Amino acid sequence: MAKAVDKRIGEILLEQGLINPHQLEEALQEQKTTGEKLGEVLTRKGWLAVEELNRSLALQMGVSTFDLANYIISPEVVKLIPQDTAIKYKLMPVFKVGNVLSVAMLNPGNVFIIDELQRITGCRIEAVLADEIPIRKAQDQYYGGAGTIQEIVSTIDRSKLKDAEKLGEEAPIVKLVNLLIVEAVQSGASDIHIEPEEKFVNVRYRIDGILHKHMILPKDLQPAIISRFKIMSWMDIAEKRIPQDGRILKKIGNKDIDFRVSTCPTIHGENLVLRILDKGNMLAGLESLGFPERELKLLQKLIVKPYGILLVTGPTGSGKTTTLYSILQKINKEDINIMTVEDPVEYQFPQIRQVLVNQKAGLTFAAALRSFLRQDPNVIMVGEIRDLETAEIAVQAALTGHLVLSTLHTNDSPTAFTRLVEMGIEPFLVSSSLLGVLAQRLVRKVCSKCKEEYVPAPKLLQTLGLGENFDPNQKFARGKGCSLCSKSGYKGRIGIYELLKASAPIQELVLNRASADDIREMACKQGMRTLRETAIEKLLTGETTAEEVMRVTLGGG
């Protein structure tokens, strides 16, 4: 079979059912007289839409097609091609990876345009096809005053601010919101907070678990900014009295980013928070999550058990979902059936049946779990055990030959055993079903660019248990603060872990309704290392600071 690139455009149009043989024959005859291109004849006669022709030409040339509406473009990328060049040739730069610049073009087969773009930008050009209307819309949104947020704010027509809904669709507000999102993603933020105060709007980014003030925006822009976010996340713009939830799916650079948007009415207007889910970060792989060798080997043994429950515990934002997804990635093979029930589904896996909780329709964690038991699974992942019903079915699944992975909100691993008993699960069921519990936190890593040696305060070292018998020659590291880490001294995060295996003595304690303290004492006797101890290991290798260990493990033993 001939490749599309070897075929004439007429053949491709016929194969796609866009024209019939009679129309092709008539157009070919007319082409001989007028000297036009075949596509020009077909579109002039109204037999073919321009967009359909462009897609067929892209297929013939072997280039991909772009939907520009799915992209948020970085200002740095926009600046690579001057506005007059973009308008003249009907194109839009989209993203840059290394020295390759992807450009959405009306005519991606024009080698003269591509040569000129390569000369202007100094980049290798990857031309992709886009329709003319989206290209023009993107040019309106991104060119003209493209620069800092302050420069964009100065171009906004304040006379239109009364009509927030209308202004939410206009170029300056679109540009402003896009830039807020791009800057958040580029800085590695996990959340964007748009916070209304009495006389201004506060914008904060959560970076490496800590909220940082990013900027202050004028109060009169608040309704338009909130409306823009609502438009993007398919919320009701008119409804301002009750909380709403929405979702935005966009590409930034070559990354697929999922934004979960939440609004909440306050006395100064609607507060808005975006959770940023970079799907590329979801699949880091178990080996790159920061597990010490001993804990990693034990975890790898637990996740290949044929049945039982493995729980991951920790507060919101401690990386539990990433750990569970990394485990699923590790055990996902053709010979086992994996089913998950999640709220929300943050990453989609091939070969895994994933179910999204739908409370309104009655599809709860418990209802999905009950259904799973009739679907012949080997492994079941439950996003969270929130109630007795879910816990009971999870235990039932584990005792009937299934490996169950889930999360629980407890501060450490020993407490997970007692929490299940407090929920109402009989101790003998907890004892016989639970394989182990992994408690985790995330500590900030010392910035590699501005790393320097330092000596922590002696009192702090004493509090961490590194007092009198400690090696005085031990080196410690901290970040001095630089442009890479925004003067914080930290860049990125790494996990610290406490892995408790349900050994026979631990099971005996659970059967006798022992306290979490008693379970912890026994686990430590058997070699379990606490969150504080694995965090101190990161401190001694220079990966984090004593202050960070203290902050994250305060009261965490």
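**Entry 1: helices H11 and H12**

I began with helix H11 (residues 171-186) and helix H12 (residues 222-232), whose axes come within 10 Å and cross at roughly 75 degrees. The model I am reading is a predicted one. I recorded H11 as roughly perpendicular to H12, because angles of 65 to 115 degrees count as such.

I then listed the residues that make this contact. H11 contributes Ile173, Val174, Leu176, Val177, Asn178 and Ile181. From H12 come Ala224, Ile225, Arg228, Phe229 and Met232. Sorted by class, the contact of H11 with H12 holds nine nonpolar, one polar and one charged residues.

**Entry 2: helices H8 and H11**

I next turned to helix H8 (residues 132-142), whose axis comes within 8 Å of that of H11, with a crossing angle of roughly 75 degrees. I noted H8 as roughly perpendicular to H11.

On the H8 side I found Asp140, Gln141 and Tyr142 in the contact. On the H11 side I found Ala171, Val174, Lys175 and Asn178. By class, I entered three nonpolar, two polar and two charged residues for the contact of H8 with H11.

I marked Val174 and Asn178 of H11 in my list, since they appear in the contact with H12 and also in the contact with H8.

**Entry 3: cysteines**

How many disulfides does a search of the whole structure find? I recorded zero.

I looked up Cys482, which is in no disulfide. The nearest cysteine sulfur belongs to Cys450 and is 3.7 Å away, whereas a disulfide needs the sulfur atoms within 2.5 Å. Is Cys482 buried or exposed? I noted Cys482 as buried, with a relative accessible area of 10%.

I also checked Cys264, which is partly exposed at a relative accessible area of 39%.

**Entry 4: aromatic rings**

I searched the whole structure for aromatic pairs and entered five. For Tyr71 and Phe95, the ring centres are 6.1 Å apart and the planes stand at 10 degrees. I classed this pair as stacked, because planes under 30 degrees apart count as stacked.

Which elements hold these two rings? I placed Tyr71 in strand E1 (residues 71-72) and Phe95 in strand E2 (residues 91-97). The pair therefore ties together parts that are 24 residues apart in sequence. I recorded both Tyr71 and Phe95 as buried.

Lastly, I noted a cluster in which ring pairs link Tyr325, Tyr347 and Phe349.

Note on methods:
Residues are numbered from 1 along each chain as its sequence is written. This is a predicted model: local features need pLDDT of at least 70, side-chain atom pairs count only at pLDDT 80 or more; totals for chains, interfaces and linings use all residues. Side-chain values use heavy atoms; hydrogens and water are left out. Axes are lines fitted to C-alpha atoms, for helices over the stretch in contact, and angles run from 0 to 180 degrees between N-to-C directions. Helices (H or I, at least four residues) and strands (E, at least two) are DSSP runs, numbered from the N terminus. Angles under 35 degrees count as roughly parallel, over 145 as roughly antiparallel, 65 to 115 as roughly perpendicular and the rest as oblique. Contact means heavy atoms within 4.5 Å. Ala, Val, Leu, Ile, Met, Phe, Trp, Tyr, Cys and Pro count as nonpolar, Asp, Glu, Lys and Arg as charged, and the others, Gly among them, as polar. Buried means under 20% relative accessible area, exposed over 50%, partly exposed in between (1.4 Å probe, protein chains only). Rings of Phe, Tyr and Trp (its six-membered ring) pair if their centres lie within 6.5 Å; planes under 30 degrees apart count as stacked, over 60 as edge-to-face and the rest as tilted.
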